[in-house]
Amino acid sequence: MYILFFFSFSFFRKCYCCVDRAPRSKGKATSRRPKNKKGKASLKDVDPEIFELIKEEEKRQRCGLELIASEVIDKLEVLCQERALKVFNLDPKEWAVNVQPYSGSTANFAAMNGLLNVGDRFMGLHLPDGGHLSHGFYRPEKAVNISAKYFTSLPYYIDPSTGYIDYDDLEKQALRFCPKLIIGGSSAYPRDWDYKRLREIADKTKAILLIDMAHFSGLVAAKIINNPFEFADVVTTTTHKSLRATRAALIFCRTKYAKDINYSVFPGTQGGPHNHAIAGIAVALREALAPEFTEYAKQIVLNCRTLANELKTMGHKIATGGTDTHLLLWDLRPHVMCLMGPKKNILKMPNETIILHKIMLTSNFFYDGLTGAKVEYVCDLTAITINKNTVHGDKSALNPGGVRVGTPALTSRGFKEEDFKVVAKLLDEVCQLSIAIQQEAGSTKHSDFTAIADKSEKVKDLKRRVEEFAEKFPIPGRILE
Ligand SMILES: Cc1ncc(COP(=O)(O)O)c(C=O)c1O
């Protein structure tokens, strides 16, 4: 069972390069499928080193008397570490890497636990501004994340007028707060980071600089965005986002921090290593070293820029005006403005916000309407996966005015710029449909909106067209039938 799981996981893991087997065809869709199929090769061909290690483990279990669950991990772990350092061009004399963290959140906590004492101060990007829970999120009533419960966190912010990180304000706050650690990196920030500036701020306050590159580590590996390793002391990453590996995480650190961080991972915050995950990461890191991966990463960014530009051309607003990375934030608030009567009945969906503001000030009419949650709902109904997300200046993190859209997964399926122009049109349709549903609902209640969306024939028609389009593209791995 153990072996089977270990084997199947490694085989199942997506292997994208050097692969040449066709998936089953399905109706018309075949015309778009490229001949060279990805994600279907055997591990033996894709990664003979890992294949041999698994064979060795299989033999150990078959030819011995296993009286307690155990696995040979050392060779696998060392190989994974070597590959991780190589992917990011790191000198093993200066950098160490721990490949055991179970996930990004536990990696961040383990790193903090290794570097800080309970109660020590640290700063991270505010969650509604694009940061992550594990960067110290708290609310007035409680510390939401364990990082804010055991340590003392202070958020820094994006400039609400531009959507860019306000490094000047961060510096001002840091000089007052004197954090022992500053965390850079984000879950929903479409622009590249100024690591040099972060280093300067960290130096002024004698803080350790940790960069969480969970989202964009694949783009760092491909050297198409700034390199956090030039300035950071510690770099964490999940492995399953743009790095396209198994779901787990890595912690890189300057060698002087390695002992404390390693001890904090095990025995500090974790038990035994997850060998299947480490094997999967090792295979993906080998892929990340291949030139095809750089092409993939470049295409992710090209696709994302195309999507942003197309949406802009159609009159939509993109936070910060565009993207440097794999994701964009679509600001829906220009569509939010609708004039509501005192009973929350929609009276009008106007364009002239300024005039309406005057009305609002002088009466008990108010504005509300389309939100990230409502567009996310219609996307779900039409087989499009996006996330509702706060956009700069949003007052409520629970009811945000935007959505987050990323291009890595579809890029893995072979989507190019022309295909993302089609995606942009489909997203525009979702938005127009949502506005129409909002008008028909006549109230701002989410349940009134969803009731109409659920029954809409136009929504069903859009779903059919989205699926027809999506099925033209191959998907890595085997199709379950
Ligand atoms: C920046 C960042 N750090 C950490 C994490 C946490 O990763 P995990 O879900 O593996 O705990 C995420 C996940 O979205 C993230 O975006």
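Me: Two residues are in contact if their C-beta atoms, placed from the backbone, lie within 7 Å. Leaving aside its neighbours within four places in sequence, which residues is Leu 181 in contact with?

Reply: Outside those four places, Leu 181 is in contact with Met 112, Leu 115, Leu 116, Phe 122, Ala 207, Ile 208 and Leu 210. The model is predicted, so local features need pLDDT of at least 70 and side-chain atom pairs count only at pLDDT 80 or more, while totals for chains, interfaces and linings use all residues. Numbering runs from 1 along each chain as its sequence is written.

Me: What makes Leu 181 stand out in the largest nonpolar core?

Reply: This core has 114 residues, and Leu 181 is among those that touch the most other members, with Ile 182, Leu 209, Val 234, Ile 251, Ile 281 and Ala 282. They belong to it because a nonpolar core joins buried Ala, Val, Leu, Ile, Met, Phe, Trp, Tyr and Cys residues through C-beta atoms within 7 Å.

Me: Why is helix α15 (residues 372-381) said to be largely enclosed?

Reply: Seven of its 10 residues are buried, so the rest of the structure largely encloses α15. Buried here means 20 or more other C-beta atoms within 10 Å of the residue's own (12 or fewer is exposed, and in between is partly exposed). In α15 the residues that pass are Gly 372, Lys 374, Val 375, Glu 376, Tyr 377, Val 378 and Cys 379. Their cover includes β13 (387-389), β14 (402-406), α17 (417-441), α18 (446-455) and α19 (457-470). In the chain of 481 residues, 45% count as buried.

Me: How many helices and strands does the chain have?

Reply: There are 19 helices and 14 strands, taken as DSSP runs (helices H or I, at least four residues; strands E, at least two) and numbered from the N terminus.

Me: What makes β1 (95-98) and β3 (152-156) edge strands?

Reply: Seven strands form an open sheet of mixed pairing, in the order β1-β7-β6-β5-β4-β2-β3. Strands β1 and β3 each pair on one side only, where pairing requires at least two DSSP bridges.

Me: How do you know that strand β2 (residues 121-125) and strand β4 (residues 181-184) pair?

Reply: Two bridges link β2 and β4 in the parallel sense, which meets the requirement of at least two. Across this pair, Phe 122 stands opposite Leu 181 in β4.

Me: Which residues come nearest to the ligand?

Reply: Ser 103, Gly 104, Ser 105, Ser 187 and Ala 214 do, of 14 around the ligand, each with its backbone-placed C-beta atom within 6 Å. Helix α5 (residues 104-115) supplies the largest share of that shell, three residues.
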